Amino acid sequence: MRCPPLGRVFLFVAHLLACVALAPVTQACGQPRDALATYVASYSFTANWFSGNGSLRATGYHLDVSTSSSFSSYVPGYQNLNVGNATSRSVTGLNPSTAYYYRVQPYRGVNACGSYSTPVYVTTLSPTGPPAVITDRATYIASYSARLKNTVDPHGLTTTVYFQYGTSTNYGLTTAIQSKTGDTYQNVVATIGGLTASTTYHFRIVATNSAGTRYGADQTVTTLSPPVVPFDFNGDGKTDYVLQNVSTRQTALWYLNNNTFLGGASGPTIPASWSLVDVADFNGEGKPDYALFNPTTRQTAIWYMNNNALIGGAYGPTLPSGWSLVATGDFNNDSKPDYVLHNASTRQTAIWYLNNNVLAGGVVGPTLPVGWSLAGVADFNGDGYPDYLLFNSSTRQTAIWYLNNNVLSSGLYGPTLPVGWTVVGVADFNGDGKPDYALYSSAMQQTAVWYLNNNALTSGAFGPSLPANWSLIAP
């Protein structure tokens, strides 16, 4: 029986769909979008391209480089070069002052699955000439410091480089001059300190060689808001003393304005077998808390404070045998204080990362030399990471170990203390954003503040004298 016209159309469409469903599927993948070359030098450049999206994304690319826009010939080593699933490739071994073209073809598995990208034209630099600069963003931004980073190609001539920076495009300040040679792009890094919190700064790189001077594009960086003063109990933005009575185990807070005593209040009494080690804001409410340690049970605890009032407490992690809690500080930049541990036998230190009173992880820190102890933790060089303050009770010498998280990067000697004095801790007493030494003489019951600029002593002042039977615990 013959099908009516509508039936014939239906059968034809059904047959066509069936044929399409049974036919082999042709591989396809998205075309790489056009891009451009970067880091162009005399003998090299970086080829870049953008990948396809979603299910059309290629699994890899073949790269061609030629001196001809028709790709009738190829640069040795760059014909159908398999670069994997990368979206950039450094092309080297080129000639200066020469025009080149590059293109990529995507593939899926081992088979080509798309046409070539639009060829990209690039001309290498002359053998020598003015430096080339690339502007990057600032990193390690803190309240009073930041790390500037740019990239420079000396272009075959010895080149001097430095950063200009300031609160406007007039700049006004410069970093130390660095020297670069060669004909490849190299990082130029400088840390600037002594900045003002919550302030926007402009910066740019300046590169000069015998062929000329080049300026990087203006960039801006905004410093962070002022940090919470770790030892500010009454919320006036100034460092306070924490005292303890050696007989009654009573604590007390002495409110200071720099080195001047303003008033005091009684704090909680520390239980027997426990010691008050340090002060930090563990629960993130903006008020310093007590960090306690029991050397017999190895248990730690946190007492949450509201000024001088104990409002709650929680046990922290228990330390392994041989280890003691000696300090606190935010080493991994998560805005949460961490424990610093010390093993008296091996002299090893360790950092335990905390989330309030909960152990979140840990790493090994540097080992202290014989005769030295850890006296405090603070960011002395303004790179946003706390450093170790060491003290040698025999020589009275201090030293600063600069850390990047748990890694020791370098160290410098600090000032030597007079006989009879010890460094109890570090804090910013005069509000200049730089940590100072808190000193104590048990014989005289006298306190003092030594004002520092990094590791250099700039001046000092006596603080208040303590009553009999009281000792300075922090900072």
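Reader: R103 and D64: are they buried or exposed?

Author: Both R103 and D64 are buried. The word means under 20% relative accessible area; exposed means over 50%, and partly exposed lies in between (1.4 Å probe, protein chains only). The model is predicted: local features need pLDDT of at least 70, side-chain atom pairs count only at pLDDT 80 or more, and totals for chains, interfaces and linings use all residues. Residues are numbered from 1 along each chain as its sequence is written, and side-chain values use heavy atoms, with hydrogens and water left out.

Reader: What makes R103 and D64 a salt bridge?

Author: The closest N and O atoms of R103 and D64 are 3.0 Å apart. The rule asks for a side-chain nitrogen of Lys or Arg within 4 Å of a carboxyl oxygen of Asp or Glu. The R103 and D64 pair therefore qualifies. R103 sits in strand β5 (residues 99-108) and D64 in strand β2 (residues 60-66), so the bridge ties together parts 39 residues apart in sequence. A strand here is a DSSP run of E, at least two residues long, numbered from the N terminus.

Reader: How many salt bridges does the rule give?

Author: The count is 2. K149 and D136 also form one, at 3.4 Å from N to O. K149 is in strand β9 (residues 146-153), and D136 is in the loop between β8 (132-135) and β9, so this pair ties together parts 13 residues apart in sequence.

Reader: Why is K149 called partly exposed?

Author: K149 has a relative accessible area of 27%. That lies between the cut-offs, so "partly exposed" fits K149. D136 has 18% relative accessibility and counts as buried.

Reader: What makes strand β29 (residues 387-392) largely enclosed?

Author: In β29, 6 of the 6 residues are buried, so the rest of the structure largely encloses the strand. Both faces are covered. One side carries D387, L389 and F391; the other carries Y388, L390 and N392; all of these are buried.

Reader: How do you know that β28 (residues 372-378) and β29 pair?

Author: Pairing needs at least two bridges found by DSSP. β28 and β29 are joined by 6, and they run antiparallel. A378, for one, has D387 in β29 as its bridge partner. β29 is also joined to β30 by 4 bridges, again antiparallel. There, L390 is partnered by A399 in β30.

Reader: How many residues lie between β29 and β30 in their hairpin?

Author: There are 4 residues between them. R396 in the turn has a positive phi of about 70 degrees.

Reader: Where is N406, and why is N406 called buried?

Author: N406 is in the loop between β30 (397-404) and β31 (407-416). Its relative accessibility is 19%. That is under the limit, so N406 counts as buried. In the same loop between β30 and β31 lies N405. N405 is not a glycine, yet its phi is positive, near 65 degrees.

Reader: What does N406 touch?

Author: Leaving aside neighbours within four places in sequence, N406 is in contact (heavy atoms within 4.5 Å) with I351, Y353, V363, V364, G365 and P366. Its side chain also reaches the backbone oxygen of V364 at 2.8 Å.

Reader: Which strands make up the open sheet of 4?

Author: The order is β20-β21-β22-β23, with antiparallel pairing. β20 (275-280) and β23 (309-315) are the edge strands, each pairing on one side only. β21 (residues 289-293) and β22 (residues 300-306) are antiparallel over 4 bridges. One bridge links L292 to A301 in β22.

Reader: Why is N469 called partly exposed?

Author: Its relative accessibility is 47%, so N469 falls in the in-between class. N469 lies in the loop between β35 (456-465) and β36. Its phi is positive too, near 75 degrees. After β36 (470-474) comes the segment that holds P475. A cis peptide bond joins A474 and P475, with omega about 5 degrees.

Reader: What is the average pLDDT of the protein?

Author: It is 90, and 91% of the residues score at least 70. Over residues 1-27, though, pLDDT is below 50, and this stretch has 5 contacts beyond near neighbours in sequence. The score is the predictor's confidence in each residue, from 0 to 100. Where pLDDT is low, the predicted coordinates should not be read in detail.

Notes
Polar contact = N/O pair within 3.5 Å; in protein donor to acceptor, adjacent residues only side chain to side chain.
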